[in-house]
Amino acid sequence: MAWQMAFLLAVILLSGCQGMRNVKRGKPLDVVIKPSILEKNPCYKAGRKIEVKGLMLHSVGCPAPSGERWVKSWNREDYGRACVHGFIDAHTGVVYQTLPWDHRGWHCASGSKGSGNNTHIGVEMCESQFLKYTHGATFTCSNEEASREMALRTYRSAVNLFAYLCHQYHLNPLEEGVIVSHAEGNKRGIASAHADPEHLWRQLKMPLTMDGFRKEVAAKLRLYNLPFWKRLDDGRKARHVIRHYGTRG
Ligand SMILES: [Zn+2]
């Protein structure tokens, strides 16, 4: 009996220590990334790479909450209109990664000063099935509560994902032009005239903004003590951080 007791005690002590270590390290970022590369899409086949200088947040602009369905419909040889780096599922918050992060996407077309496709990773948040677009970015909604819940879920996943990407690419989320929405990209002259994703939050009467989003990404990086403003030279520290996330994306 004595050895069983000793064993039990050891297990309790060890799990306690593990808990302490986790507290010290901070918890891993709460984001699930599911590799779902759109290998048949002509954009993937074009095979161009970019130096990642920023991240662009999009919202799909139609009532289609399932990330998996977006993956299915865009993973086609005859779908040459668009291609993004990821879709965030509105039911689960799971990120379907649809292009390697440094692949040149086709997510924002271009504006008067060029194209954000050459510099920015583009990620789409999927939207509630209860929306009905009437014209342009205007919609009516048959279930506001559920739609807000979905919008908040994708927003939270996007905060975590963008914190992860800021770390991976040594980006400062608060620096001018680094994290932008599609609508802001248009104002900066690097994207087509779209209103996403702010149109969604505004019409669902949610207190979400891009400024708030950027601050939350920065807060995440601070929480995990990640030096997002400078290159990580210390290899050991970098490996430690990667363990935090549990994935290299
Ligand atoms: Zn967009």
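Helices and strands are named here as DSSP runs, numbered from the N terminus. With those names in hand, His 170 can be placed in the loop between α4 and β8. The model is a predicted one, and in it phi of His 170 is near 55°, a positive value in a residue other than glycine. His 170 is also partly exposed, as 13 other C-beta atoms lie within 10 Å. A similar description can be given for the loop between β4 and β5, where Ala 109 is found. Phi of Ala 109 is near 50°, again positive in a residue that is not glycine, and Ala 109 is partly exposed, with 17 other C-beta atoms within 10 Å.

From these two loops, the view can widen to the whole chain. The protein chain contains 8 helices and 8 strands. Of its 249 residues, 37% are buried. Among contacts between residues at least 6 apart in sequence, 74% join residues at least 24 apart.

A good place to begin the tour is the sheet. It is an open sheet of 6 strands with mixed pairing, in the order β1-β4-β3-β5-β2-β8. The edges are taken by β1 (33-35) and β8 (179-181), each with a single partner strand, so one side of each has no neighbour in the sheet. On average, and with direction ignored, neighbouring strands of this sheet are turned by 25° against each other. At the β8 edge, strand β2 (residues 54-59) runs parallel to β8 and is joined to it by 3 bridges. Within this pair, Leu 55 stands opposite Ile 179 in β8.

Two helices can be followed against the sheet. Helix α3 packs on it, touching β3 and β4, and the direction of α3 makes about 150° with that of β3. Helix α4 lies across β2, β3, β4, β5 (120-125) and β8, and runs at about 160° to β5.

Which residues of α3 (residues 67-74) are buried? They are Gly 67, Trp 70 and Trp 74. These residues cover an arc of only 60° around the axis, which puts them on the same side of α3. As a rule, an α-helix has 3.6 residues a turn, so residues three or four places apart point the same way. The buried residues of α3 pack against β3 (86-88) and β4 (95-97), while the face turned away from the buried side carries the exposed residues Lys 72 and Ser 73.

Helix α4 (residues 144-168) also meets helix α7 (residues 210-223): their axes come within 9 Å and cross at roughly 60°. That angle makes α4 oblique to α7. The contact is made on the α4 side by Val 159, Asn 160, Phe 162, Ala 163, Cys 166 and His 167, and on the α7 side by Phe 213, Glu 216, Val 217, Lys 220 and Leu 221. The crossing of these two helices, α4 and α7, is right-handed.

Two local features complete the picture. Strands β6 (residues 131-135) and β7 (residues 138-141) run antiparallel and are joined by 4 bridges, with Lys 132 standing opposite Thr 140 in β7. The hairpin of β6 and β7 has 2 residues between the strands, and Gly 136 takes a positive phi near 55° there. Elsewhere, the peptide bond from Asp 196 to Pro 197 is cis, with omega near -5°. Pro 197 lies in the loop between α5 (182-187) and α6 (198-203).

Note on methods: Residues are numbered from 1 along each chain as its sequence is written. This is a predicted model: local features need pLDDT of at least 70, side-chain atom pairs count only at pLDDT 80 or more; totals for chains, interfaces and linings use all residues. A residue is buried if 20 or more other C-beta atoms lie within 10 Å of its own, exposed if 12 or fewer, and partly exposed in between; C-beta atoms are placed from the backbone. Two residues are in contact if their C-beta atoms, placed from the backbone, lie within 7 Å. Two strands pair if DSSP finds at least two bridges between them. The arc is that of the directions from the helix axis to the C-beta atoms. Axes are lines fitted to C-alpha atoms, for helices over the stretch in contact, and angles run from 0 to 180 degrees between N-to-C directions. Angles under 35 degrees count as roughly parallel, over 145 as roughly antiparallel, 65 to 115 as roughly perpendicular and the rest as oblique. A crossing is left-handed if the near helix is turned anticlockwise from the far one by less than a right angle, and right-handed if clockwise.
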